[in-house]
Amino acid sequence: MAGQRAGASDSDAGWWRDDSSQQGDGGGGYLDDAPRRDDAYRSTEPAVPRRRSQQHDDLPRTGGRAEARRAQQGRGGNGGPGGPGGRGARAADQPAGRAANRAAGRRNRKRSRKKIVTWVAVTSVGLVVAAGGAIYLKLNGNIDSFGDEGVSKDRPAAASADAQGRVPVNILLIGSDSRAGANKDLGGGEDGGARSDTTILLHVYADHKHAVGVSFPRDALVDVPPCLLPTGKWTKAQTGVMFNSAFSVGNTDKGNPACTQNTVEKLTGIRVDHTMVVNFEGFASMTSAVGGVPVCLPNDIHEGDLNPNLGKKGKLLYPKGLQKVQGQAALDYVRLRHGIGDGSDVGRMRRQQAFMSSLIKEVKGKGMDPTTLLPLADAATKSLTVDSGLNSADKLIGFAMSLKNLDLHDVKFLTPPWRFEKERIALVHPDVDQLWAALKADRTLDGQDASGGSASPSPAAPESPAAPTTPAAPATTVKAANVRVGVYNGTTTPGLTTKAAATLKGAGFTVTTTANASSQTHATTVVQYGPGEKANAQAVAAMFPGATLESTTKAGVALVLGKDYAAGNGAAAPSTPAGPLPSSVAKETRSADDDPCSNVSFG
């Protein structure tokens, strides 16, 4: 074992032998490709002496790892004292050598750090882009949409841009009570098809700082225009049917959002820019994504309130007062009808408006940025059906970000003026027409113009030299069904009498005839009335804001449509009311920053 490193194997151990007499002959000296060694091997075992020649002890040692380290540090070369890099030269070279090496080391370290930082930055950006791409792909995969083929061709005109190029936006929000898939467990029941449990028209003003959400009573009596069936055929128009029946046309699990959109456009004269449908599952997921929504109950809610067929009060589910709900509990809150107020749909709409207010407040409180919106979008899109204009993650998030400047106090919710019609609900004219006209003109509920136009436009001068009077509020004793009206087109624009007659019939008036007026140069709309018919004429004129009254000797009431009505595209309210809306509208309004415990029941 002499000449071997302790612990080495017997095979090929000869390269450790350093007998100088054998160097260069390949017979036991350092092999040409082996590292030279000059440091002593330390072991806990007794050292095994290496064979040395006499010459080896007399000659300066060269090579080895220690020599290489000294050379790297500037403390030695391949010679002994006095040799190149040796001890004789070291004293003179040492300061400069060390400084140069330190500088080189610093440069190397800086370059290394720069490389590390660069690679970390590049890798991080790559990961963010990849993650963002994955999220967007996931959201896109979630989204379901409906086509434009079912949207009516006879639509109101799109809103015009204001002086600053800003355009108001109208979004129709539909809550579907479909029991398809997981919705059956959340909503209960086995019924097929889908109905619109909640419908809100959200008008975002041109300044994108104000917004109004109008809730449509689901059992309000309205006219439903022709709608497209899954078979490709169109239905016939229906008159005086429940509002939520439009969504059920075709009787599919996904519902018919295009039919509901057509109905809203016909009812309001306002063009719907986007439509979004959220089912039970999507709604529950959204409330969980924001960590719950604060709500308030005026009294305790028990099992029997959620399920009247239970036959007993049951255990307490939700205590009276302020609390936070999410998931199933949030869904129960917005669908609850019994045990609060008179159990009507009107009270439920008020709670839904309070809930929407709290939800908006929660989202804005967390920040309208992708960190907040992406989890919310992921939850929503899993059960969301949208029109073709919102059928991608980019479009949805871009639209959501456009609402970030909405002020909570200037986000309003209301129910249009209504009255009970036996077990159903009827919308009250002309109050509701003034509401649609105000939104169409981008006028806020307090009469302010959010589009940057004039707040109080001057009325057109009356055509008649007899200076007809401005109609006062209709007498409460006038019943529309007892008023017979002839409708005449006082312009050269065709089709006006048909639309005006439909408006009057929808409000309960009796239309006796439709024809052209003897003169077709009327600038403004006039309601002419005979002896004893002034109150009836006032009721008719109130349906057409801006119309004036004119007494005649001819019996009956005649509506003569002017160019102002034609300029309004034949809508029920061709001109904008100057000033605040009727009190029947204002008293129903709540702001998104209102106390969540206020105005959450009816009766």
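Helix H5 is largely enclosed by the rest of the structure, because 10 of its 12 residues are buried. This description, like those that follow, refers to a predicted model. The helix covers residues 257–268 and reaches 16 Å from its first C-alpha to its last, which is close to the 16 Å expected at 1.5 Å a residue. The buried residues of H5 comprise Pro257, Ala258, Cys259, Thr260, Gln261, Asn262, Thr263, Val264 and Glu265, together with Thr268. The residue that follows H5 is Gly269, which has a positive phi near 75°.

One of the buried residues of H5, Cys259, takes part in a disulfide with Cys227, the two sulfur atoms being 2.0 Å apart. The pair links distant parts of the chain, since Cys227 is placed in the loop between strand E5 (221–224) and strand E6 (238–242), whereas Cys259 belongs to helix H5, 32 residues apart. The link of Cys227 and Cys259 is right-handed, with 75° about the S-S bond. Both ends of this link fall below the 20% limit that defines a buried residue: Cys227 counts as buried because its relative accessibility is 1%, and Cys259 counts as buried because its relative accessibility is 0%.

A search of the whole structure finds 2 disulfides, and the other pair is formed by Cys296 and Cys597, with sulfur atoms 2.0 Å apart. Cys296 lies in strand E8 (residues 293–297) and Cys597 in the segment after strand E21 (590–591), so this disulfide ties together parts of the chain that are 301 residues apart in sequence. The torsion about the S-S bond of Cys296 and Cys597 is about 90°, and the disulfide is therefore right-handed. The two cysteines are assigned to separate classes of exposure: Cys296, at 4% relative accessibility, counts as buried, while Cys597, at 35% relative accessibility, counts as partly exposed. With bonded cysteines counted along the chain, the disulfides follow the pattern 1-2, 3-4.

The interior of the model was also examined for enclosed space, and 4 cavities of 30 Å³ or more were found. The largest cavity has a volume of about 1,100 Å³. It is lined by 42 residues, of which Leu173, Met276, Met286, Met356 and Leu359 are the closest to its centre. Helix H9 (residues 345–366) provides the largest share of this lining, with 7 residues. When the lining of the largest cavity is divided by class, 32 residues are nonpolar, 6 are polar and 4 are charged.

The second largest cavity has a volume of about 40 Å³. Its lining consists of Asp197, Thr198, Thr199, Ser215, Phe216, Arg218, Asp345, Met349 and Gln352, and strand E3 (196–204) and H9 each supply at least two of these residues. By class, the lining of the second largest cavity has 2 nonpolar, 4 polar and 3 charged residues. Helix H9 thus contributes to the lining of the largest cavity and to that of the second largest cavity.

Several features of the backbone also deserve mention. Most residues other than glycine have a negative phi, and most peptide bonds are trans. A cis peptide bond, with omega of about 5°, joins His429 and Pro430, and Pro430 is placed in the loop between strand E15 (424–427) and helix H12 (431–440). Asn251, although not a glycine, has a positive phi of about 50°. This asparagine lies in the loop between E6 and H5, and Asn251 is classed as exposed because its relative accessible area is 60%, a value above the 50% limit for that class. Asn599 likewise is not a glycine but has a positive phi, of about 55°. Asn599 is found in the segment after E21, which is also where Cys597 of the disulfide with Cys296 lies. At 32% relative accessibility, Asn599 counts as partly exposed.

Definitions and conventions:
Residues are numbered from 1 along each chain as its sequence is written. This is a predicted model: local features need pLDDT of at least 70, side-chain atom pairs count only at pLDDT 80 or more; totals for chains, interfaces and linings use all residues. Side-chain values use heavy atoms; hydrogens and water are left out. On a 1 Å grid over the protein atoms alone, a cavity is a set of points where a 1.4 Å probe fits but cannot get out, and a pocket is an open set with protein on both sides within 12 Å along at least five of seven lines; lining residues have an atom within 4 Å of a point. Grid points are joined across faces, edges and corners, and a volume is the space filled by probe spheres set on the points. Helices (H or I, at least four residues) and strands (E, at least two) are DSSP runs, numbered from the N terminus. Ala, Val, Leu, Ile, Met, Phe, Trp, Tyr, Cys and Pro count as nonpolar, Asp, Glu, Lys and Arg as charged, and the others, Gly among them, as polar. The expected span of a helix is 1.5 Å times one less than its number of residues. Buried means under 20% relative accessible area, exposed over 50%, partly exposed in between (1.4 Å probe, protein chains only). A disulfide is a pair of cysteine sulfur atoms within 2.5 Å.
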